[in-house]
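Dear colleague,

I am handing over the structure we spoke about, and I would be grateful if you could look through it alongside the notes below.

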Amino acid sequence: MKLGRLNHIGVATPSIADSVAYYRDTMGAVRINEPFDLPEQGVKVCFVDTPDSAGEVGKGTQIELIEPYDESSPINGFLAKNPAGGQHHVCYEVEDIEAAREWFEGKGKRILGPTRIGAHGTPIFFLHPKDMMGQLTEIMETPTSA
Ligand SMILES: CC[C@@H](C(=O)O)C(=O)SCCNC(=O)CCNC(=O)[C@H](O)C(C)(C)COP(=O)(O)OP(=O)(O)OC[C@H]1O[C@@H](n2cnc3c(N)ncnc32)[C@H](O)[C@@H]1OP(=O)(O)O
Ligand SMILES: [Co+2]
């Protein structure tokens with residue numbers, strides 16, 4: 001498996017509206033996308049775009065703001081421990097999601113649940129933070145338009 005680009009950093013928040021104000025007013029983000037619900041993943045989502053090395057906004061790593069969708073959200077435990085929110089996961093792209101799954105399985109890493117469709121419309125899976133140097137790690141297949 002070949003590690004791809006850092007697609008996004010997931011940031012858990014009790015309020016996407018408050019986080020949007022922070023990225024706009026304190027961090028000077030020039031493009032913040034419309035929030036949307038992803039009930040099948042138990043979260044509300046909002047992407048903050050950063051520029052790539054050429055300065056092109058929308059081509060760089062994104063900040064993925066995630067707020068619980070309901071009481072069964074997978075991020076409720078994290079927010080109970082970190083009520084103000086904080087860095088929740090890192091997400092790397094790969095060319096072939098099934099090959100990546102086999103790669104991590106072969107290394108004895110715990111995969112959290114099935115491969116499913118993520119917020120970018122491509123397949124994703126998660127790896128347990130205790131097997132990944134303390135970081136909850138999301139692996140996503142590179143979008144074909146990228
Ligand atoms: C927007 C859609 C999608 C995308 O396309 O990008 C997403 O990103 S969705 C993001 C939300 N979804 C997920 O996080 C799914 C995967 N997560 C899980 O299955 C669980 O959250 C979890 C990682 C298994 C944690 O479950 P939880 O019940 O909250 O905690 P535990 O008590 O079981 O935790 C065990 C252990 O791990 C530590 N921990 C928990 N979360 C994190 C984290 N985000 N980063 C680092 N460490 C984490 C936790 O503190 C426990 O440690 P100890 O206390 O030392 O036992
Ligand atoms: Co994510």
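What follows is a description of the metal site, the main pocket and a few individual residues.

Please keep in mind throughout that this is a predicted model. UniProt, in an unreviewed entry, places the feature "domain: VOC" at residues 5–142. In the model, the end C-alpha atoms of residues 5–142 lie 9 Å apart, and the span is 19% helix and 38% strand.

The metal site

The cobalt ion (ligand 2) has as its protein donors His 8 through NE2, Glu 64 through OE, His 89 through NE2 and Glu 138 through OE, and these lie 2.1 to 2.3 Å from the ion. Written along the sequence, the spacing of the donor residues of the cobalt ion (ligand 2) is H-x55-E-x24-H-x48-E. Glu 64 in strand S5 and Glu 138 in strand S9 (residues 137–141) are 74 residues apart, and this pair therefore links distant parts of the chain.

How are the six donor atoms around the cobalt ion (ligand 2) arranged? The angles that they subtend run from 75 to 175°, and the arrangement is octahedral because opposite donors are over 155 degrees apart while all others fall between 65 and 115. For comparison, the ideal angles for six octahedral donors are 90 or 180 degrees.

Are the two glutamates, Glu 64 and Glu 138, buried or exposed? Glu 64 has a relative accessibility of 5% and Glu 138 one of 4%, so both count as buried, the cut-off being under 20%.

The largest pocket

The largest pocket holds about 580 Å³ of space, and its lining is made up of 26 residues, with Pro 74, Ile 75, His 88, Phe 126 and Leu 136 lying nearest its centre. Two or more lining residues come from each of strand S4 (43–49), strand S5 (62–68), helix H2 (76–81), strand S6 (86–94), strand S7 (111–117) and strand S8 (123–127). By residue type, the lining of the largest pocket divides into 13 nonpolar, eight polar and five charged residues.

Ile 75, one of the residues nearest the centre of the pocket, lies in the loop between S5 and H2, and with a relative accessibility of 2% Ile 75 counts as buried. The C-alpha atoms of Ile 75 and Thr 13 are separated by 9.2 Å, although the two residues are 62 residues apart along the chain.

Phe 126, also among the residues nearest the pocket centre, is twelve residues from Pro 114 along the chain, and the C-alpha atoms of the two are separated by 8.6 Å. Pro 114 itself lies in strand S7 and is exposed, because its relative accessible area of 56% is over the 50% cut-off.

Other residues to look at

Tyr 23 lies in helix H1 (residues 16–25), and at 15% relative accessibility Tyr 23 counts as buried. Between Tyr 23 and Val 48, which are 25 residues apart along the chain, the C-alpha atoms are separated by 7.7 Å.

Met 133 is placed in the loop between S8 and S9, where it has a positive phi of about 55° although it is not a glycine. With a relative accessibility of 80%, Met 133 counts as exposed.

With best regards

Conventions:
Residues are numbered from 1 along each chain as its sequence is written. Chains are lettered from A and ligands numbered from 1 in the order in which they are written. This is a predicted model: local features need pLDDT of at least 70, side-chain atom pairs count only at pLDDT 80 or more; totals for chains, interfaces and linings use all residues. Side-chain values use heavy atoms; hydrogens and water are left out. On a 1 Å grid over the protein atoms alone, a cavity is a set of points where a 1.4 Å probe fits but cannot get out, and a pocket is an open set with protein on both sides within 12 Å along at least five of seven lines; lining residues have an atom within 4 Å of a point. Grid points are joined across faces, edges and corners, and a volume is the space filled by probe spheres set on the points. Helices (H or I, at least four residues) and strands (E, at least two) are DSSP runs, numbered from the N terminus. Ala, Val, Leu, Ile, Met, Phe, Trp, Tyr, Cys and Pro count as nonpolar, Asp, Glu, Lys and Arg as charged, and the others, Gly among them, as polar. Donors are N, O and S atoms within 2.8 Å of the metal (3.2 Å for Na, K and Ca); water is not among the atoms, so sites may look incomplete. Four donors count as tetrahedral if all angles lie between 85 and 135 degrees; four count as square planar and six as octahedral if opposite donors are over 155 degrees apart and all others between 65 and 115; anything else is irregular. Buried means under 20% relative accessible area, exposed over 50%, partly exposed in between (1.4 Å probe, protein chains only). UniProt positions are given in the numbering used here, feature names are shortened, and annotations may be inferred rather than shown by experiment.
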